[in-house]
Amino acid sequence: VEEFPPSGSNGVTLRCRSRVKSSCPIQSKDYALPNSSWSQGMMDLYSRFLEMCKDGTWKRIPSYSNSVDHIPGKAFWESLKLMSEKERKDTRLFPRNMDTEGVGFEYAMFLNPSEKRMVCLFQPGPYLEGPSGFAHGGSTATIIDSTIGSCATFVAGRVMTANLSINYRNPIPLGSVVLVDSKVDQVEGRKVFLSCHVRSIDGQTLHAEATALFIRLDSTKSLQQQMSCQ
Ligand SMILES: CCCCCCCC/C=C\CCCCCCCC(=O)SCCNC(=O)CCNC(=O)[C@H](O)C(C)(C)COP(=O)(O)OP(=O)(O)OC[C@H]1O[C@@H](n2cnc3c(N)ncnc32)[C@H](O)[C@@H]1OP(=O)(O)O
């Protein structure tokens, strides 16, 4: 199955750990692969998207516990120089902050480059509880921000969330599987406008809808430009 960014060419899967000599990089764990906590519904949806990756329409996005690991190629190695070994070891991407599988954010993202669309298969675990039996709104905001943010990253490179507006329509049961579906609506200079819907797998329940503004931070080429697919 095709994967983006391709692990052989961008260096993101190669990461130096503190106890390992820098000349001996090791592979970071990809958390967006199935584990035993994934429900049948999550597995089925994941298989459906993997199938759609076969003709190149969709790309599976690997997920690492440290954001640095997502940076492609040369920029990755340059960013390592800007951070101390301790900083690299001690930070974690917020939705990957729990060690036990299944209790927090279980998710996998897929990108459709031509539609500038990123979807996220999300199974909220018991430690994300807000109202009894349902996901905390903050956890929903987190997965929306991460999905939209990854979509904006693809289109614009380094970005920050400037505005995120969410309407919560129906609570998300813990342990259920929802589809977070985001797309870029417009790009105006450094501003990237996106929208997002969170729906049940059968599409019958709208859980949340959101709009967001991301601001591009620098003039480096976007991943999309690097893939030359616009
Ligand atoms: C292939 C795919 C690839 C995938 C990759 C996958 C994996 C990726 C891995 C991991 C990514 C996961 C994704 C993570 C997602 C999480 C993201 C976050 O949580 S970000 C943290 C929260 N956000 C902040 O803390 C920002 C705080 N704010 C700021 O730092 C600044 O305000 C900033 C950078 C947003 C803008 O500041 P300025 O100084 O650069 O720019 P100025 O001039 O202020 O704004 C530029 C324009 O934007 C408008 N603007 C700015 N903020 C606005 C706002 N809130 N509402 C409306 N307009 C705004 C301004 O009015 C201005 O517009 P005019 O050029 O004048 O037309």
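Contact here means heavy atoms within 4.5 Å. This is a predicted model, in which local features need pLDDT of at least 70 and side-chain atom pairs count only at pLDDT 80 or more, while totals for chains, interfaces and linings use all residues. Residues are numbered from 1 along each chain as its sequence is written, and side-chain values use heavy atoms, with hydrogens and water left out.

**Helix H5**

Helices (H or I, at least four residues) and strands (E, at least two) are DSSP runs, numbered from the N terminus. Thr142 sits in helix H5. Not counting residues up to four places away in sequence, Thr142 touches Phe94, Pro95 and Phe105. Burial has cut-offs too: buried means under 20% relative accessible area, exposed over 50%, and partly exposed in between (1.4 Å probe, protein chains only). Thr142 is buried because its relative accessible area is 13%.

Thr147 also belongs to H5. Its relative accessibility is 0%, so Thr147 counts as buried. A polar atom of the Thr147 side chain lies 2.7 Å from the backbone oxygen of Ile143. Beyond its neighbours within four places in sequence, Thr147 is in contact with Met109, Met118, Val119, Cys120, Val180 and Ser182.

**The strands**

Several of those partners lead to the strands. Two strands pair if DSSP finds at least two bridges between them. Strand E5 covers residues 117-124, and seven of its eight residues are buried. The pairings of E5 are set out here.

| Partner of E5 | Residues of partner | Sense | Bridges | Opposite residues |
|---|---|---|---|---|
| E4 | 105-112 | antiparallel | eight | Met109 and Cys120 |
| E7 | 178-188 | antiparallel | six | Cys120 and Val180 |

Cys120 thus appears in both rows: it stands opposite Met109 and opposite Val180 in E7. In a regular strand the side chains alternate between the two faces of the sheet. The hairpin of E4 and E5 has four residues between the strands, and Lys116 there takes a positive phi near 50°.

**Two loop residues**

His136 lies in the loop between E5 and H5, a helix that spans 137-156. His136 counts as partly exposed because its relative accessibility is 42%. Leaving aside neighbours within four places in sequence, His136 is in contact with Leu128, Glu129 and Gly130. His136 and Ile172 are 36 residues apart along the chain, and their C-alpha atoms are separated by 8.5 Å.

Arg158 lies in another loop, between H5 and strand E6 (159-168). Is Arg158 buried or exposed? At 52% relative accessibility, Arg158 counts as exposed. Its contacts, leaving aside neighbours within four places in sequence, are Ile215, Arg216, Leu217 and Asp218. The C-alpha atoms of Arg158 and Arg216 are separated by 5.8 Å, although 58 residues lie along the chain from one to the other. The side chains of Arg158 and Asp218 are joined by a polar contact of 3.0 Å. A polar contact is a pair of N or O atoms within 3.5 Å; within protein, one must be able to donate a hydrogen and the other to accept it, and residues adjacent in sequence count only if both atoms are side-chain atoms.

**Aromatic rings**

Rings of Phe, Tyr and Trp (its six-membered ring) pair if their centres lie within 6.5 Å; planes under 30 degrees apart count as stacked, over 60 as edge-to-face and the rest as tilted. The whole structure holds six aromatic pairs. One of them is Trp38 with Tyr46, edge-to-face at 5.3 Å centre to centre and 75° between the planes. Ring pairs link Trp38, Tyr46, Phe49, Trp58 and Phe110 into a cluster.
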